Structure formats: structure tokens, C-alpha cells
Amino acid sequence: ELYPADELEKIILKKSYRSTRQIIDFTSGILSSVQIEPFNRNGILPALYQQEDIDSSYRKINELLERLQDEHQTIAIICKTQSEADEAYERLKDKEDIQLMDKSIYRFTKGILILPAYLAKGIEFDAVILFDASKDKYSQEHERNLLYTACTRAMHELHILSCGEPSPFFKTIPADLYEIK
């Protein structure tokens, strides 16, 4: 035994300096077992956009990117899977400063990055657009952490799109902690 149990001390880090208070308060409702204390930095409320279909989602993404590119240096479009990210890249690749990330790419520059949620852990972005946080994509308990990870990559702005009914994991979040648009 390296250290006797009576000499060990457990330290739990609770303070987050990454995201605004609004993003941390919102994401705490997704994964209630995580008790994070936000650094006192204010921002705008996360926004949830319920879209009718995939085409209206792409129109909303283009609309959001027009504004976000003027205000932020790093923007992520986070998809659930690599194939979803590949498809999003094909639809959006004509945009300036857009990159696709997959497991073979470990470096990226400023601009817009499209990536699957499982590659987003440990990375932070000024703004995040979560591609499709619908009930169809995130409703199983084992998908809760993935949704939480995707949402917590945002430092200043979080925009969540849902093709159809939003994930049931959002139902536990108080309505005053986000905007429905």
C-alpha cells in the first residue's frame, strides 16, 4: 500500500471557471449529481430551438453563425456521432473558417469546428451550437453524460437545436434557466 487510508485526503473541485453562470446553472439540471459552483461571470441564457426538420435546423445554424462569427473566435457545432458531423460538414463546408474534426485530427485553429460529442471532452469554445438534442438522439440514460459534456463545452453562449421533441433530460431544468426560441 502506497499510502495508508488514514493519511489520504479527498479533495473535490467544485468551482468552474469555464462557463458563465447561466450555462452552469442550466447544465446542472442535466446532470444533477454534479454540483458545480460557477465563477461569477454572467452571460446570456442558453437557448433551445425546436425545429420541424433537418432543413430548418441548417437554416437556424446558418443564421446563428452569421452573428456568432462576428462576436466569437471559436465556435463549435457539436453533433452526437461522427457520421452526423460528417453530414453537417458537407452541408456547411462552403462557410469560411470551417473545419471538421475526427479522431485523426488533434489540432484545430480558430473559427468554426464541427465535431462529434465524444471528441469534445476537454475542449472549450466561446460558443456552442448543439446540432440535434432531440428525444430521438438523447433519451437513454447512458446518453445523459454525453449531452452534459456537449453542453458544457460552451464558455459564453450555448444554442441547442432539436429536430422534433427535445431530449427529456431538459424537462428537469427550471424554465427560467433557458429560453425557448
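Good morning. The chain I am presenting today contains four helices and nine strands. Please bear in mind that this is a predicted model. Followed along the sequence, its elements run in the order β-α-β-β-α-β-α-β-β-β-α-β-β.

Allow me to begin with the chain as a whole. Of its 181 residues, 48% are buried. Among contacts with a separation of 6 or more, 71% join residues 24 or more positions apart. The exposed surface comes to about 10200 Å², and carbon and sulfur atoms supply 48% of that area.

I turn now to strand 7, residues 125–130. Why is this strand described as largely enclosed by the rest of the structure? Six of its six residues are buried, that is, each has under 20% relative accessible area, so the description follows. As for its partners, strand 7 pairs in the parallel sense with strand 4, residues 74–79, over four bridges. It also pairs in the parallel sense with strand 8, residues 154–163, over five bridges. Leu-130 of strand 7 has a residue opposite it in each partner: Ile-78 on one side of the pairing, and Ile-160 in strand 8.

My last topic is a pair of helices. The axes of helix 2, residues 54–71, and helix 3, residues 82–92, come within 12 Å and cross at roughly 65°. The crossing is right-handed. On helix 2, the residues involved are Ile-54, Asp-55, Tyr-58, Ile-61 and Asn-62, and they meet Glu-87, Ala-88, Arg-91 and Leu-92 of helix 3. By class, this contact comprises five nonpolar, one polar and three charged residues.

Thank you for your attention.

Notes
Residues numbered from 1 in each chain as written. Predicted model: local features only at pLDDT ≥ 70, side-chain atom pairs only at ≥ 80, totals over all residues. Heavy atoms only, no water. Axes fitted to C-alpha atoms, helices over the stretch in contact; angles between N-to-C directions. Helix = DSSP H or I, 4+ residues; strand = E, 2+ residues; numbered from the N terminus. Left-handed = near helix turned anticlockwise from the far one by under 90°. Contact = heavy atoms within 4.5 Å. Nonpolar A, V, L, I, M, F, W, Y, C, P; charged D, E, K, R; others polar. Buried < 20%, exposed > 50% of the residue type's maximum accessible area, 1.4 Å probe, protein only. Areas by Shrake-Rupley, 256 points an atom, 1.4 Å probe, with all protein chains shown as cover. Pairing = 2+ DSSP bridges.
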